[in-house]
Amino acid sequence: MSRRPYLLRAVLAASGLLSAGLLAAAPAMADGTAPPWAPGGVSQDQNAVGGLTFYDASGNVITGGPTASAPFAAFVQGRNQTRAVTWTDTKAALFAYLPQEGQTPDLWTSNELMGLASTYPNGSAPGSLATSPLPLYTGANDDTTLATVESDFPNNSATAGYAHVYELRLHTNAPGHTLSTQYDYADISIDDTAHTWTLVFTPGAPATAPGAPTGVHATASNAAATVSWTAPANTGGAAITGYDVQKSSNGGTSWTSVSTAFHTSTATSHVVTGLANGTAYIFRVAAINSAGTGAYSTPSTAVTPTADSSSLTISTPKSTAYG
């Protein structure tokens, strides 16, 4: 069964089904070396939101194989969800693109559909693939081969990062809907001599907000308190860039952030000033990364700042002369 290549840009431009909140931050757990159009591992196309994982028929992860095989991978799973939340009947469609030098990935037009869109979750898939809510393309024996893609769209580039490289993109759709604007992707290299393909790069799942810090402790002083904590074990796949320290003077009924300066500090101890002596305070802390602010910690025990009354003032002695 043959499938003719066609342009996808117009279809994607017409689709506005997903919220901007799904756009990925810097990816975590990327595989391989990023290509020129994804400096630092972040694609220049903002609709590229995650990577792909390839599986054989037994559910084992693969990173290469023969270009003449159909399908080249039994299953291709996206690492990020790209469907709209209102879609109940979901399908995944896989495309192969020829990178074009001098153009950002959103402007590439040479592409080929790898096979008919397949429904997911696929209960017949092995292991956790059968129940995973992530986009899953199931290959078929009449799929387009990578050898055909190479023949239809020869890669004649001699530029490092472009030569022999093709990009696979996984979109989702549903009855009555166009393809999702966002997609998961992977870049592969095709060896013309060995007639094999090899994974060269795919981004990881997008970063998520970090977990909650632990062990929050406060020590009171004069109109201040020193708050310390332990950084969260779960960073959300991105570096912690700061913390939000909050105080409460009514037992946790309401909370107030004490200083935005802490939002860009990775220190795990801060002195909170401007407190009222004689008032009991509790504190909680949340970590911040590129994906946002995470969950707040369990509050500290209450502490009460007091004026420093431990100092002793001694007046300068005076002497008087007699006679």
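Trainee: This is a predicted model. How many bridges join strand 14 to strand 17?

Mentor: Strand 14 covers residues 224-230. The two strands run antiparallel. One pair of residues shows the match: Ser228 stands opposite Ser269 in strand 17. The number of bridges joining strand 14 to strand 17 is five.

Trainee: Which strands are the edge strands of the open sheet with the order 13-14-17?

Mentor: This open sheet has three strands, with antiparallel pairing. An edge strand here pairs on one side only. The edge strands are strand 13 (214-221) and strand 17 (269-273).

Trainee: By how many degrees are neighbouring strands of this sheet turned against each other on average?

Mentor: Take the sheet in its order, 13-14-17. The angle is an average over neighbouring strands, with direction ignored. The value is 20 degrees.

Trainee: Now the open sheet of four strands. Why is one side of strand 16 and of strand 19 left without a neighbour in the sheet?

Mentor: The order is 16-15-18-19, and the pairing is antiparallel. Strand 16 (256-257) and strand 19 (292-296) stand at the edges. One side of each is left without a neighbour in the sheet because each has a single partner strand.

Trainee: What is the bridge partner of Gln246 in strand 16?

Mentor: Strand 15 holds residues 242-248. Two bridges join strand 15 to strand 16, and these strands run antiparallel. In strand 16, the partner of Gln246 is Ser257.

Trainee: On to Asp184. What is its nearest side chain of opposite charge?

Mentor: Asp184 lies in strand 11 (residues 183-191). Asp184 is buried yet has no salt bridge. A salt bridge needs a distance within 4 Å. At 8.2 Å away, the nearest side chain of opposite charge is Arg79.

Trainee: Which backbone nitrogens does the side chain of Asp184 reach?

Mentor: Asp184 touches several residues beyond four places away in sequence, including Val49, Gly51, Thr82 and Leu170. One backbone nitrogen is reached at 3.3 Å, that of Gly50. At 3.4 Å, the side chain of Asp184 also reaches the backbone nitrogen of Asn80.

Trainee: Is Thr144 buried or exposed?

Mentor: Thr144 lies in the loop between strand 9 (136-138) and helix 2 (146-152). Buried means under 20% relative accessible area. Thr144 has 9%, so Thr144 is buried.

Trainee: Which backbone oxygen does the side chain of Thr144 reach?

Mentor: Thr144 and Ser69 are 75 residues apart along the chain, with their C-alpha atoms separated by 8.9 Å. The side chain of Thr144 makes its reach at 3.2 Å. The backbone oxygen belongs to Leu113.

Notes: Residues are numbered from 1 along each chain as its sequence is written. This is a predicted model: local features need pLDDT of at least 70, side-chain atom pairs count only at pLDDT 80 or more; totals for chains, interfaces and linings use all residues. Side-chain values use heavy atoms; hydrogens and water are left out. Two strands pair if DSSP finds at least two bridges between them. Axes are lines fitted to C-alpha atoms, for helices over the stretch in contact, and angles run from 0 to 180 degrees between N-to-C directions. Buried means under 20% relative accessible area, exposed over 50%, partly exposed in between (1.4 Å probe, protein chains only). Lys and Arg count as positive and Asp and Glu as negative; His and the chain ends are not counted. A polar contact is a pair of N or O atoms within 3.5 Å; within protein, one must be able to donate a hydrogen and the other to accept it, and residues adjacent in sequence count only if both atoms are side-chain atoms. Contact means heavy atoms within 4.5 Å.
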